[in-house]
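Here's a quick briefing to read with the model open beside you. Start with the ligand, then move on to the helices and a couple of backbone details.

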Amino acid sequence: MRLILLGAPGAGKGTQAKFICERFSIPQISTGDMLRAAIKQGSELGRQVEQVMKEGKLVSDDLIVALVEERIREPDCANGFLLDGFPRTIAQADALKAAAVSIDHVVEIAVPDEEIISRLSGRRVHPDSGRIYHLEHNPPKVEGKDDVTGDALIQRDDDKPETVRHRLDTYHQQTEPLVGYYRDWAASEPDSAPKCHRVEGVGDLEQIRARLLAVLEG
Ligand code: AP5
């Protein structure tokens, strides 16, 4: 099972990725989580990307492609993986194709912009594990604390309203065209292209899980 989850910031990619990865026993490769970990470690990569991410802009294609190509060669990816947040530009999708990395499914989680803004303002995360909560829709058992470790939850720097609007613009301009890119590829080369699916991302988490499983297992 090799799949790509597409969707706007806050569409629920990370939330649903956790469930899909458990179900299929595959690793979640979240480029956003990898970059945030690099910032936290204070590595050279982290220093390069910190300001770009705070402003809600995209990190350079070359840097991200190198990071993902290295990650998917690791042994835990031998039986598959889920790409969350990659590719995010046509250039990144072209690089994946040129590297002959075959993908089974591309799934777009569709959520309107108004819903995204409300979701991201209420999001809280556990930075070490990447576990994701929402103040109203998916609250932790104890307010402000991670369910597993009890550590304090934080709000991401790029979840401020003005940055969220910028991220949404970037999504519509640079990432949404990938839906057409994969659909065109599937239409012209149905045997080698990934299968494309669109899943409505509004509703409770269980409903969306069921929709995702229906397309992945159906
Ligand atoms: P990244 O970390 O990938 O962020 P993103 O794509 O903007 O996605 P998010 O993590 O914000 O949202 P999500 O869809 O995972 O939603 P979630 O499940 O958390 O990227 C961050 C930055 O890194 C980028 O801006 C860029 O700078 C850089 N970057 C990363 N990859 C890159 C690349 N390939 N190229 C260049 N730069 C790159 O859900 C959101 C909230 O909603 C949560 O609180 C959740 O609990 C709640 N929620 C989820 N589902 C529902 C539901 N059904 N109903 C109600 N609430 C829900």
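Let's begin at the ligand: one of its oxygen atoms sits 2.9 Å from an N or O atom in the side chain of Lys 13. Keep in mind that this is a predicted model. Taken alone, the ligand exposes 1100 Å², and the protein buries 97% of that.

**Contacts with the ligand**

- Backbone atoms join in too: a nitrogen atom of the ligand is 3.0 Å from a polar backbone atom of Val 59.
- Tyr 133 also uses its backbone, with an N or O atom 2.7 Å from an oxygen atom of the ligand.
- There are 36 residues around the ligand, and the ones that come nearest are Thr 15, Lys 57, Arg 123, Tyr 133 and Arg 167.

**Who builds the shell**

- By class, the shell around the ligand breaks down into 14 nonpolar, 13 polar and nine charged residues.
- Helices H1 (13–24), H2 (31–41), H6 (113–121) and H9 (205–217) each supply at least two residues of this shell, and so does strand E6 (131–134).
- Which helix gives the most to the shell? That's H2, with four residues.

**How H6 meets H7**

- H6 turns up again here, paired with helix H7 (residues 161–175): their axes come within 10 Å and cross at roughly 140°.
- That crossing angle makes H6 oblique to H7. The cut-off matters here, because only angles over 145 degrees count as roughly antiparallel.
- As for handedness, H6 passes H7 in a right-handed crossing.

**Backbone details to look at**

- The peptide bond from Phe 86 to Pro 87 is cis, and its omega is near -5°.
- To find Pro 87, go to the loop between strand E3 (81–84) and helix H5 (90–98).
- Ser 25 has a phi near 50°, which is a positive value in a residue other than glycine.
- Look for Ser 25 in the loop that runs between H1 and strand E2 (28–30); H1 is also one of the helices that supply at least two residues of the ligand's shell.

Definitions and conventions. Residues are numbered from 1 along each chain as its sequence is written. This is a predicted model: local features need pLDDT of at least 70, side-chain atom pairs count only at pLDDT 80 or more; totals for chains, interfaces and linings use all residues. Side-chain values use heavy atoms; hydrogens and water are left out. A residue is near a molecule or strand if one of its heavy atoms lies within 4 Å of it. A polar contact is a pair of N or O atoms within 3.5 Å; within protein, one must be able to donate a hydrogen and the other to accept it, and residues adjacent in sequence count only if both atoms are side-chain atoms. Accessible areas come from the Shrake-Rupley method with a 1.4 Å probe; for residues, only the protein chains shown count as cover. Ala, Val, Leu, Ile, Met, Phe, Trp, Tyr, Cys and Pro count as nonpolar, Asp, Glu, Lys and Arg as charged, and the others, Gly among them, as polar. Axes are lines fitted to C-alpha atoms, for helices over the stretch in contact, and angles run from 0 to 180 degrees between N-to-C directions. Angles under 35 degrees count as roughly parallel, over 145 as roughly antiparallel, 65 to 115 as roughly perpendicular and the rest as oblique. A crossing is left-handed if the near helix is turned anticlockwise from the far one by less than a right angle, and right-handed if clockwise.
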